[in-house]
Amino acid sequence: MGGIINLVVVLSLSLSFCLLPGTASAQLRQNYYANTCPSVENIVRAAVTKKFSQTFVTVPATIRLFFHDCFVQGCDASVIIQSSGGNTAEKDHPDNLSLAGDGFDTVIKAKEAVDAVSSCRNKVSCADILAMATRDAIVLSGGPPYAVELGRLDGLSSTAASVNGKLPQPSFNLNQLNSMFAANGLTQADMIALSAAHTVGFSHCSKFANRIYNFSRQNAVDPTLNPTYATQLQQMCPRNVDPRIAINMDPNTPRQFDNVYYQNLQKGQGLFTSDQVLFTDARSKPTVNAWATNSQAFNQAFITAITKLGRVGVKTGNNGNIRRNCDAFN
């Protein structure tokens, strides 16, 4: 983001985790830090709330950071690592350059707050802090509260090369979305639920310019786009727009985490192809219609999906540690 959250929710992890879905997440549990740092959730929540009071971008930036972390090598805070020496880290891969600095800052500030409590110092992983901060950002923007499973260790590697092919593109169709999710133990329903994170997102114009200017030989504008919305997008994103310009992904309730995302899809107001396809494809349309009218059902599905997302590729034992600084290896 340079303020944006622009990619749908899809994840990735190595084949070994796919083959052993139960082992990595076996250690995760609620209240993991009850004996070592019992106030950790309150500390993190306070830090996220302070950051939120400074900028709303905290919300989409933190949520998107969590997704991009979990998609690549699992939920291990490897996306936060800075490039150094001869290593180009995950965050400097082209697909991650649009991650907003406010997301990274949220985690780093929360880690500092946790470590300022002597009994908690170096006891809580950055991966767990990111998971908690994501939940707090969702709740602060009106989304459903949920208990976060904890017990992740921080990853020991972070390379830009590991990101290749692991993050979804705005042009993805339903088959591409479903195959990415299914490879990581997530269902079509999980994918549709997690896509709703775009209810609080931003996007640079370049991510959807093809839909409003050069969609196909027959149609300059994507025919699945609401014509009035397409005109508005053209006004906000003229052909030679400043590449730093970002617009809301939800044109109606951009600062509210809600099911209006699905109502927008019904009206042809999905910003990306990968958003609108959830309504235009007959296989996913019934779910969109159901959640557009039932926020409680959506909230429950979202909680289920983001909990499953948080179990992806969790590091245990010698495969991870607790970083002293979230953006550098120990």
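How are helix 3 and helix 5 oriented to each other? In this predicted model, the two helices pack at an angle of about 140°. Angles over 145 degrees would count as roughly antiparallel, and 140° falls outside that class and the other named ranges, so helix 3 and helix 5 are oblique to each other.

**View 1. Helix 3 packs against helix 5 in a right-handed crossing.** Helix 3 comprises residues 40–54, and its axis lies 9 Å from that of helix 5. On the helix 3 side, the contact involves Val-40, Ile-43, Val-44, Ala-47, Val-48 and Lys-51. These residues meet Asp-102, Asp-105, Thr-106, Lys-109, Ala-110, Ala-113 and Val-114 of helix 5. Sorted by class, the contact of helix 3 with helix 5 holds eight nonpolar residues, one polar residue and four charged residues.

**View 2. Helix 3 also packs against helix 6, which spans residues 126–140.** The angle between helix 3 and helix 6 is about 55°, and their axes are 9 Å apart. This angle makes helix 3 oblique to helix 6. The crossing of this pair is right-handed. Helix 3 contributes Val-40, Glu-41, Val-44, Arg-45, Val-48, Thr-49 and Phe-52 to the contact, while helix 6 contributes Ile-129, Met-132, Ala-133, Arg-135, Asp-136, Ala-137 and Leu-140. Nine nonpolar, one polar and four charged residues make up the contact of helix 3 with helix 6.

**View 3. Helix 4 packs against helix 5 at an angle of about 80°.** Helix 4 covers residues 58–71 and helix 5 covers residues 101–115, with 7 Å between their axes. Helix 4 is therefore roughly perpendicular to helix 5. From helix 4, the contact draws on Thr-58, Ala-61, Thr-62 and Leu-65. From helix 5, it draws on Asp-102, Gly-103, Phe-104, Thr-106 and Val-107. The contact of helix 4 with helix 5 contains four nonpolar residues, four polar residues and one charged residue.

**View 4. The largest cavity encloses about 80 Å³ of space.** The structure contains two cavities of 30 Å³ or more. Lining the largest cavity are Phe-66, Ala-131, Tyr-146, Ala-147, Val-148, Glu-149, Arg-152, Ile-306, Thr-307 and Gly-310. Of the residues in this lining, six are nonpolar, two are polar and two are charged.

**View 5. The second largest cavity encloses about 50 Å³ of space.** The residues around the second largest cavity are His-198, Met-249, Tyr-261, Asn-264, Leu-265, Gln-269, Gly-270, Leu-271 and Asp-275. Helix 11, residues 260–266, supplies the largest share of this lining, with three residues. By class, the lining of the second largest cavity has four nonpolar residues, four polar residues and one charged residue.

Key: Residues are numbered from 1 along each chain as its sequence is written. This is a predicted model: local features need pLDDT of at least 70, side-chain atom pairs count only at pLDDT 80 or more; totals for chains, interfaces and linings use all residues. Side-chain values use heavy atoms; hydrogens and water are left out. Axes are lines fitted to C-alpha atoms, for helices over the stretch in contact, and angles run from 0 to 180 degrees between N-to-C directions. Helices (H or I, at least four residues) and strands (E, at least two) are DSSP runs, numbered from the N terminus. Angles under 35 degrees count as roughly parallel, over 145 as roughly antiparallel, 65 to 115 as roughly perpendicular and the rest as oblique. Contact means heavy atoms within 4.5 Å. Ala, Val, Leu, Ile, Met, Phe, Trp, Tyr, Cys and Pro count as nonpolar, Asp, Glu, Lys and Arg as charged, and the others, Gly among them, as polar. On a 1 Å grid over the protein atoms alone, a cavity is a set of points where a 1.4 Å probe fits but cannot get out, and a pocket is an open set with protein on both sides within 12 Å along at least five of seven lines; lining residues have an atom within 4 Å of a point. Grid points are joined across faces, edges and corners, and a volume is the space filled by probe spheres set on the points. A crossing is left-handed if the near helix is turned anticlockwise from the far one by less than a right angle, and right-handed if clockwise.
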